Amino acid sequence: MTSSYQSTAFQGSARPVDTFVRPPRVQPKTGAEELASVLAAVNPNLQKFIGTKIESAIEDQRADMTMEIAKKGFKQITKEHRNKFGDDATNQLIGGSIFTQDEFEKRQAEHIGLTLSSDFENIYNNKVFEFTNREGKTITKPISHFSIDSPQMQEFLGEISSLTASKTQGLNKKHLANYFYPYQQKATEALVQEHIKAHNQFKFNRAKSQTNDAMWNALPLWLKGNKEEALNIIQKQIESQVTLGIPADKKTKFNDSIITSLKSISLSVYESALEAVPNDYESALDDAFEVIEMGGGIKIGPMLQQKDGTLSQSTLDKNPKYGTDMFNLKKSIYQRYEQDKKRGADIEKTNE
């Protein structure tokens with residue numbers, strides 16, 4: 001705000017004057033404050049839970065000072081009492097004093113706070129939720145699959161809140177504020193940060209696995225002869241992942257993950273075909289090899305200019321690793337085909 005600044009040029013002595021005061025700038029939130037805001041938005045009761053308002057739990061500081069002074073005097077009393085009445089009587093005196101109870105509650109509050117982090121982690125690591133998938137089967141999902149503002153995370157936060165309440169029941173609020181809440185806040189913040197990290201990794205892996213889903217969705221079209229449409233489904237998914245920068249992940253090379261998925265799909269197709277029609281070994285083998293052929297047509301890598309000026313991408317079957325891996329896969333599946341066929345012939349002969 002501005003004020004009525006007056007010149008002192010004609011005054012005999014200087015006196016305090018109002019000056020221009022720049023309005024205070026809003027400072028950016030710290031990481032802890034930002035996290036507290038997120039937690040408070042997730043659960044209205046969480047502000048009290050993480051102990052950000054512990055001032056109300058702190059008793060009069062004068063009482064604390066009086067207690068500490070009295071404890072120092074009590075030490076001298078116990079010394080004299082021990083000399084006069086012996087150990088048993090003095091131990092009774094110590095055990096029945098308010099000072100002993102006060103010190104016990106301090107250390108108890110601190111101990112609970114120190115073990116809170118491992119308690120939270122145990123609950124978190126074992127927390128799963130059951131769902132029914134499209135096939136009607138019951139599946140379980142860990143809590144890392146759910147966002148920070150999901151009902152599942154709310155349920156988890158409610159559990160650790162209840163655990164905390166039960167563990168600290170009966171303890172002095174003053175000691176909780178001084179010796180427990182700091183550990184509680186630290187444990188909660190660390191766990192939420194780890195959850196956010198784990199959930200982001202889950203979403204990354206989920207996005208990366210969509211290529212595998214796209215290949216499964218494209219396979220029926222490929223087997224029916226709609227090869228261009230099948231490859232287009234896979235290609236659109238790959239382009240979507242390129243847009244997100246997923247292929248740049250150096251820990252798991254994108255092309256290698258596609259090859260691994262194709263190998264798994266090919267084996268699964270062979271087994272599923274034999275389950276559907278137990279003696280149709282040739283069809284099972286053909287379908288498994290069709291997966292390999294479909295995979296070879298997937299376009300990968302950057303667009304390169306050809307000699308005629310056109311742009312095109314290389315296909316996966318030009319990748320040396322793909323050629324080697326798929327040759328070995330075909331060999332393995334064919335050996336299995338021969339074994340299954342011989343076993344089927346032996347069973348048929350035995351039955352006859």
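This passage describes the fold, the helix packing and selected residue environments of a predicted model.

The secondary structure of the predicted protein comprises 11 helices and 4 strands. Of its 352 residues, 31% count as buried, and among contacts between residues at least 6 apart in sequence, 63% join residues at least 24 apart. The average pLDDT of the protein is 78, with 75% of the residues scoring at least 70. Confidence varies among the elements, the lowest mean pLDDT (49) belonging to helix H2, residues 46-49, and the highest (93) to helix H10, residues 281-296. Two stretches stay under a pLDDT of 50: residues 1-26, for which the model has 10 contacts beyond four places in sequence, and residues 28-32, for which the model has 4 such contacts.

Helix H10, the element with the highest mean pLDDT, was examined for its length and its surroundings. At 1.5 Å a residue, the 16 residues of H10 should span 22 Å, and the end C-alpha atoms of this helix are 23 Å apart, which agrees with that expectation. Buried positions in H10 are Tyr281, Ala284, Leu285, Ala288, Val291, Ile292, Met294, Gly295 and Gly296. In an α-helix there are 3.6 residues a turn, so residues three or four places apart point the same way.

The axis of H10 comes within 10 Å of that of helix H11, residues 320-351, and the two cross at roughly 175°. Because angles over 145 degrees count as roughly antiparallel, H10 is roughly antiparallel to H11. On the H10 side, the contact is made by Tyr281, Glu282, Leu285, Ala288, Phe289, Ile292, Gly295 and Gly296, while H11 contributes Tyr322, Met326, Leu329, Lys330, Ile333, Tyr334, Tyr337, Asp340, Lys341 and Gly344. By class, this contact of H10 with H11 has 11 nonpolar, 3 polar and 4 charged residues. Among the H10 residues in the contact, Tyr281, Leu285, Ala288, Ile292, Gly295 and Gly296 are also listed as buried.

A further helix pair is formed by H7, residues 173-223, and H8, residues 227-244, which pack at an angle of about 175° with their axes 8 Å apart. That angle makes H7 roughly antiparallel to H8. The residues of H7 that take part are Ala207, Lys208, Ser209, Gln210, Thr211, Ala214, Met215, Ala218, Leu221 and Trp222, and they meet Lys227, Glu229, Ala230, Leu231, Ile233, Ile234, Gln237, Ile238 and Gln241 in H8. The residues of the contact of H7 with H8 divide into 11 nonpolar, 5 polar and 3 charged.

Two individual residues illustrate local environments elsewhere in the chain. Tyr124 lies in helix H5, residues 98-126, and, at 12% relative accessibility, counts as buried. Setting aside residues up to four places away in sequence, Tyr124 touches Ile143, Ser144, Phe156, Leu191, His195 and Ala198; of these contacts, Leu191, His195 and Ala198 fall within the residue range 173-223 of H7. The C-alpha atoms of Tyr124 and Ile160, although 36 residues apart along the chain, are separated by 9.1 Å. Glu80, by contrast, is found in helix H3, residues 61-85, and counts as partly exposed at 49% relative accessibility. The C-alpha atom of Glu80 is separated by 9.2 Å from that of Thr90, the two residues being 10 apart along the chain.

Note on methods:
Residues numbered from 1 in each chain as written. Predicted model: local features only at pLDDT ≥ 70, side-chain atom pairs only at ≥ 80, totals over all residues. Heavy atoms only, no water. Axes fitted to C-alpha atoms, helices over the stretch in contact; angles between N-to-C directions. Parallel < 35°, antiparallel > 145°, perpendicular 65-115°, else oblique. Contact = heavy atoms within 4.5 Å. Nonpolar A, V, L, I, M, F, W, Y, C, P; charged D, E, K, R; others polar. pLDDT = per-residue confidence, 0-100. Expected span 1.5 Å × (residues − 1). Buried < 20%, exposed > 50% of the residue type's maximum accessible area, 1.4 Å probe, protein only.
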